Amino acid sequence: MRNRLLFALAAAALICGVAFGMAIPASAQTSNDPSPPMVTDFANYPLGLGIIPATCTSQGPDAVVGERFSVDGGPEVTDLRFLNLQAPAQAVTMLWDSFAPGCENVGVALSIKSSGAVVFDPTINQYGLRTAYCGPEAGAIPCAAPHELTLVLAPATGDPGVPCYQVDASLGPSLAIVGPSGSFYGILNGKFNMLISAWNGGINPCGTPVPPPTTIPSTTTTTTEPPPVTTTSIGPIIVSTSSPAQSSTTTTAPTTTTCPPGFSAASGSCVSVAGISATIPRTGPAAARTTGMAGVTLILAGGALLTAAGIVGRRVRRL
């Protein structure tokens, strides 16, 4: 009796497993699955990226056959605009029967982007958040019958706090930016209509959409190198001379030499002599410069002798 019961339970489990496996098509993909990177080569999008084979001459919705959409398992419609994808909607699903002749190797994406308007506005940028994709790329789930994609609508960790967004069904991998800083799925890209269907909505005020952390705008930083400094040592005298910095303008503003404590400004240079500030002229007879150097040297020597004498005197008194 016990063996019969175990056999019946095992058979029931097997039947349920088979039924469950048949209910989930092998080509189904959700936005939780790995997808290829979003397109950022906007200059070559779409025909320059090789995502549309030369055999595919059908554009937009004509490239797929029997497309339909539903939200959270509800009734199916033929256009995303017929659905309400606002909260509390959790996920939207796209199904289609086949591809138009010659377009069998085209990928299909279902994506969501943050937006700054509840309607499509081509003058503002919309930033990609998540995508579900099937296609011929290495590592991607092939677009095999029965064709199905499911996109998660509920906000994920890291999503910008913008209450307006756009959902797109498109040919090929999804765009990272739709708008003036990126490109367009539809005829606005001027080359090939990639748009199958789209939905825009949200709650005003939408605010300004913020790029996700993975989207980093390119910036150019210009740095100015400091002018070289030449240090010359003449005995106890140290002279630091700063060469004038290169300027991109044709006019030169007057400069003021600022010296640290213990230094004195002299013709654009800072001069220090053993703690005594002095000025060394850059012009005049060589004899005058030599006399000045000799005088400074005598002063320093005298100071050193006085210091030494003081030290010796203290030692004698201690004895």
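# Exercises on a predicted model

Cysteine 56 and cysteine 103 form a disulfide, with 2.0 Å between their sulfur atoms. The model is predicted, so local features need pLDDT of at least 70 and side-chain atom pairs count only at pLDDT 80 or more, while totals for chains, interfaces and linings use all residues. Residues are numbered from 1 along each chain as its sequence is written, and side-chain values use heavy atoms, with hydrogens and water left out.

## Exercise 1: the disulfides

Task: find how many disulfides there are, and which hand the one between cysteine 56 and cysteine 103 has.

Solution.

Step 1. Start with the bond itself: a disulfide is a covalent bond between the sulfur atoms of two cysteines. The rule used here asks for a pair of cysteine sulfur atoms within 2.5 Å. By this rule there are three disulfides.

Step 2. Look at the torsion about the S-S bond of cysteine 56 and cysteine 103: it is about 85 degrees, so this disulfide is right-handed. The pair links distant parts of the chain, 47 residues apart: cysteine 56 lies in the loop between strand 1 and strand 2 (64-65), and cysteine 103 in the loop between strand 5 (98-99) and strand 6 (108-114). Strands here are DSSP runs (E, at least two residues), and helices are runs of H or I with at least four residues, numbered from the N terminus.

Step 3. Move on to cysteine 134 and cysteine 143, whose sulfur atoms are 2.0 Å apart in a disulfide. The torsion about their S-S bond is about 100 degrees, so this disulfide is right-handed. Cysteine 134 has 2% relative accessibility and therefore counts as buried; buried means under 20% relative accessible area, exposed over 50%, and partly exposed in between (1.4 Å probe, protein chains only). Cysteine 143, at 16%, counts as buried too.

Step 4. Finish with cysteine 164 and cysteine 206, joined by a disulfide with an S to S distance of 2.0 Å. The torsion about the S-S bond of cysteine 164 and cysteine 206 is about -80 degrees, so the disulfide is left-handed. This pair also links distant parts of the chain: cysteine 164 is in strand 9 and cysteine 206 in the loop between strand 11 and strand 12 (229-234), 42 residues apart. Both cysteine 164 and cysteine 206 are buried.

## Exercise 2: the aromatic pairs

Task: work out what kind of pair tryptophan 96 and phenylalanine 99 form, and what kind tyrosine 165 and tryptophan 199 form.

Solution.

Step 1. Recall the two values to look for: a pair of aromatic rings is described by the distance of the centres and the angle of the planes. Rings of Phe, Tyr and Trp (its six-membered ring) pair if their centres lie within 6.5 Å; planes under 30 degrees apart count as stacked, over 60 as edge-to-face and the rest as tilted. The structure holds three such pairs.

Step 2. For tryptophan 96 and phenylalanine 99, the centres are 6.1 Å apart and the planes stand at 80 degrees, an edge-to-face pair. Both tryptophan 96 and phenylalanine 99 are buried.

Step 3. For tyrosine 165 and tryptophan 199, the centres are 5.6 Å apart and the planes are at 45 degrees, so the pair is tilted. Tyrosine 165 in strand 9 and tryptophan 199 in strand 11 are 34 residues apart, so to speak a link between distant parts of the chain. Both tyrosine 165 and tryptophan 199 are buried.

## Exercise 3: an open sheet

Task: find which strands stand at the edges of the four-stranded sheet.

Solution.

Step 1. Read off the order: this open sheet of four strands runs 1-8-4-3, with mixed pairing. Two strands pair if DSSP finds at least two bridges between them.

Step 2. Look for strands with a single partner. Strand 1 (29-30) and strand 3 each have one, so they stand at the edges and one side of each is left without a neighbour in the sheet.

Step 3. Check a pairing inside the order. Strand 4 (residues 91-96) and strand 8 (residues 147-152) run antiparallel and are joined by six bridges. Leucine 95 stands opposite glutamate 148 in strand 8.

## Exercise 4: two loop residues

Task: decide whether serine 174 is buried or exposed, and whether leucine 188 is buried or exposed.

Solution.

Step 1. Place serine 174 in the loop between strand 9 (164-171) and strand 10. Its relative accessible area is 3%, so serine 174 is buried. Beyond its neighbours within four places in sequence, serine 174 has contacts (heavy atoms within 4.5 Å) that include Met38, Thr131 and Tyr185.

Step 2. Place leucine 188 in the loop between strand 10 (177-178) and strand 11 (195-202). With a relative accessible area of 52%, leucine 188 is exposed. Not counting residues up to four places away in sequence, leucine 188 touches Phe120 and Pro122. From leucine 188 to proline 122 the C-alpha to C-alpha distance is 8.7 Å, across 66 residues of sequence.
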